[in-house]
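Work through the exercises below with the sequence and the model side by side. Try each task before reading its solution.

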Amino acid sequence: MKTRINDKGVITVDSDLSSNLYIEVDTTFSKAFNVSIRTITANFSASIEQVILASASDGVIQVELPNAKANPGRIFTIKKVYDTSNNITVTSPSSQLIDGSTKATIGTPWASYDLVASGSAWYVI
């Protein structure tokens with residue numbers, strides 16, 4: 001039996017076995033996973049940041065997501081990081097919806113949303 005893994009991580013097994021073949025794969029990451037983090041205190045248009053820490057201590061903050069059509073599969077985390085009654089409002093461009101609505105609101109202190117672009121809209125996951 002011959003097993004190969006190409007440069008894209010595709011596993012190929014050449015076998016002349018006539019019975020069942022079982023493959024066990026260890027998916028443990030051996031390197032640290034880094035994300036881009038941005039702390040904001042005012043309205044913000046997200047672009048490359050993966051984690052946005054929003055401090056609404058001075059007032060309501062609006063975070064605009066990028067175009068979902070241009071960013072399918074892109075994931076953002078937006079977290080409210082201050083104990084205040086001021087909301088974080090999340091919007092998207094071009095009338096793209098967020099879970100079927102025109103906006104999402106984070107009102108609870110220390111709460112967060114993870115959002116993913118589907119290619120036509122944004123979804124809270």
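Three exercises on this predicted model follow.

**Exercise 1.** Determine whether Thr 91 is buried or exposed, and find the polar partner of its side chain.

Solution. Start with the location: Thr 91 belongs to strand β8, which spans residues 88-91. Next, take its relative accessible area, which is 13%. Buried means under 20%, so Thr 91 is buried. Then list its contacts, leaving out residues up to four places away in sequence: Gln 62, Val 63, Glu 64, Leu 65, Ile 98, Thr 102 and Lys 103. Finally, look for a polar contact: the side chain of Thr 91 makes one with the side chain of Gln 62, at 3.3 Å.

**Exercise 2.** Give the strand order of the five-stranded open sheet and explain why β3 and β11 stand at its edges.

Solution. The order reads β3-β5-β7-β10-β11, with mixed pairing. Now count partners: β3 (37-40) and β11 (122-124) each have a single partner strand, so one side of each lacks a neighbour in the sheet. From one strand to the next, the twist averages 25°. Within this order, β5 and β7 run parallel and are joined by four bridges.

**Exercise 3.** Place Ile 52 in the sheet pairing and in the largest nonpolar core.

Solution. First the pairing: the bridge partner of Ile 52 in β7 is Ile 78. Then the core, which has 20 residues: Ile 52 and Ile 78 are among the members that touch the most others. Strands β5 (51-54) and β7 (75-80) are among those that each supply at least two residues of this core. Last, the contacts of Ile 52 beyond four places in sequence include Ile 40, Phe 44, Val 63 and Phe 76.

Note on methods. Residues numbered from 1 in each chain as written. Predicted model: local features only at pLDDT ≥ 70, side-chain atom pairs only at ≥ 80, totals over all residues. Heavy atoms only, no water. Buried < 20%, exposed > 50% of the residue type's maximum accessible area, 1.4 Å probe, protein only. Polar contact = N/O pair within 3.5 Å; in protein donor to acceptor, adjacent residues only side chain to side chain. Contact = heavy atoms within 4.5 Å. Core = buried A, V, L, I, M, F, W, Y, C linked by side-chain atoms within 4.5 Å. Pairing = 2+ DSSP bridges. Axes fitted to C-alpha atoms, helices over the stretch in contact; angles between N-to-C directions.
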